[in-house]
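User: Please take a close look at one helix-to-helix contact in this model, and then place it against the rest of the fold.

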Amino acid sequence: SSGINAEYGTTPDQTKQHLTPSSYNTLPLARAGVPFSLAPSLVIVLASSSFLFFPPLKPQRKKEKDRQIHNPPSSSPPFIYLLLSPTNKAYTHLHPYYHNKMLRNNSDKTLRPITSAEVETHSSENDAWLIIDGYVHNITQFLSEHPGGKEIVLPYLGKDATQIFSSETEHAHSQAAYTILKKYRIGVLDGKTTTDRVAGSEYLAGLVDVKKAMVPQVWRLGDNYQKWIHTQTGLEKIIIFDNFLEKLSRWPWYYIFFMWLPVITYLLYLSIFVNNVTVVRAFSFWVAGILIWAGVEYYLHRFIFHVQTSSPVGNLFHFFIHGIHHITPTDSTRLTFPPFFALFVGSALYRFYEIFVSPELGGQALFAGSATGYLFYDTMHYYFHHGEVVPWMPELLKKMKTLHLNHHYKDDTKNYGVTSPAFDWIFGTMGSQK
């Protein structure tokens with residue numbers, strides 16, 4: 001081995017060197033602005049997600065239609081082509097693979113007459129019908145997703161809930177709530193006059209075909225985009241891309257722990273054992289970072305995520321950073337930022353923190369605290385959208401869940417805080433708690 005080392009101009013010691021912060025600076029990741037402490041997580045995420053780039057094996061089937069339903073399109077146009085040619089319908093057609101994934105749309109079906117006696121027989125959690133505005137709705141699948149919790153709805157199963165549903169004082173509902181409710185219509189109450197409260201906003205729903213890729217459609221919405229994104233909320237799932245990027249846009253929400261816990265641990269290690277920051281000081285900066293995150297979260301949510309847009313580029317920017325979540329608030333696979341974007345934002349924030357607090361003073365522990373705050377944020381965010389209200393839950397947490405869901409389903413200009421309502425209270429953006 002000595003001869004080989006000599007031939008290439010290296011020594012045995014040099015060949016055994018490990019990657020260090022100084023040698024890392026010569027790598028492309030460092031040149032791209034990714035801090036040394038975030039690099040291991042990036043490698044882990046890339047390695048664990050590599051399977052997404054390989055198409056699944058396609059079993060031979062007798063019927064071509066059956067094969068198409070179980071396999072995604074074998075070829076798709078490049079993303080840039082979809083972006084620059086949004087009117088080309090040849091590439092945004094409905095493919096059987098995606099059609100099979102979409103939930104049925106009850107609004108397209110003929111509504112049959114149903115008697116009150118029949119509705120009364122469907123009054124359990126596993127078979128839940130109710131009457132609102134003369135329409136009969138089957139909300140069995142929606143019970144667990146009701147923003148206020150299913151306990152509010154259970155007393156009205158098998159009955160006419162029009163009065164409580166339309167009450168502005170007991171439990172007010174927005175236009176978005178009526179839009180969601182319409183999907184569950186299965187009939188009209190026999191002999192009853194109906195009232196369609198979403199008839200005036202049907203033109204907004206017609207602007208976008210939810211069974212086709214969203215990118216080219218959002219590109220051409222213009223001034224209607226903001227109205228559409230906040231009145232048509234409640235879609236179960238949407239197709240963003242008609243190519244391989246669709247898979248990369250979906251991630252289980254809990255991947256954040258696998259990516260950020262190693263970063264947090266390593267930053268605390270560097271702060272205490274490499275930069276000789278005392279444990280007390282590191283802990284204090286870590287706690288401060290968690291508190292700072294609450295302010296960062298409020299600022300981003302209010303002024304960046306809810307920026308008003310109308311241009312094609314602006315609408316796409318808003319759609320990707322927050323619009324997707326507002327249009328599909330119950331889609332857990334799009335609850336968090338994809339890891340590649342999260343690392344980009346995390347690297348930018350890390351560099352920003354370095355401007356004010358150097359690593360020698362405890363800057364790495366400060367950023368570790370904010371990263372911990374982010375984990376709290378997304379964990380609570382997931383629970384607010386997918387968890388049930390239980391009796392032993394602290395009253396404050398119940399109120400925070402209500403506040404956040406009201407932000408989605410009642411007034412998107414209120415209740416920006418997720419991990420803390422403090423900044424909403426300070427800046428006067430606290431909304432209804434009912």
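Analyst: In this predicted model, M380, H381, Y383, F384 and H385 of helix 20 are in contact with L397, M400, K401, H404, L405 and H408 of helix 21. Sorted by class, this contact has six nonpolar, four polar and one charged residues. Helix 20 covers residues 363–386 and helix 21 covers residues 395–409; their axes come within 9 Å and cross at roughly 75°. Angles of 65 to 115 degrees count as roughly perpendicular, and helix 20 and helix 21 are therefore roughly perpendicular to each other.

Helix 20 also takes part in the largest nonpolar core, which has 31 residues. Helix 20 supplies 10 residues, the largest share of this core. Helix 16 (255–274), helix 17 (279–304), helix 19 (339–356) and helix 20 each give at least two residues to this core. Within the core, I256, W260 and Y374 have the most contacts. Beyond its neighbours within four places in sequence, Y374 touches I256, W260, W293, T336 and F337.

A second core, separate from that one, has 17 residues, and L130, L143, F165 and Y184 are among them.

The model also has an open sheet. Five strands form this sheet in the order 1-5-4-3-2, with mixed pairing. Strand 1 (112–114) and strand 2 (123–124) are the edge strands, each with a single partner, so one side of each has no neighbour in the sheet. Strand 1 runs parallel to strand 5 (residues 185–189), and three bridges join the two; I114 lies opposite L189 of strand 5.

Strand 5 pairs with strand 4 in the antiparallel sense, again over three bridges. In that pairing, V136 is opposite G187 of strand 5. Strand 4 (residues 135–138) points Y135 and H137 one way and V136 and N138 the other way, and all of these are buried.

On the next pairing, strand 3 (residues 127–132) and strand 4 are antiparallel and joined by four bridges, with I132 opposite Y135 of strand 4. Strand 3 and strand 4 form a hairpin with two residues between the strands, where D133 takes a positive phi near 60°.

Notes: Residues numbered from 1 in each chain as written. Predicted model: local features only at pLDDT ≥ 70, side-chain atom pairs only at ≥ 80, totals over all residues. Heavy atoms only, no water. Axes fitted to C-alpha atoms, helices over the stretch in contact; angles between N-to-C directions. Parallel < 35°, antiparallel > 145°, perpendicular 65-115°, else oblique. Contact = heavy atoms within 4.5 Å. Nonpolar A, V, L, I, M, F, W, Y, C, P; charged D, E, K, R; others polar. Core = buried A, V, L, I, M, F, W, Y, C linked by side-chain atoms within 4.5 Å. Buried < 20%, exposed > 50% of the residue type's maximum accessible area, 1.4 Å probe, protein only. Pairing = 2+ DSSP bridges.
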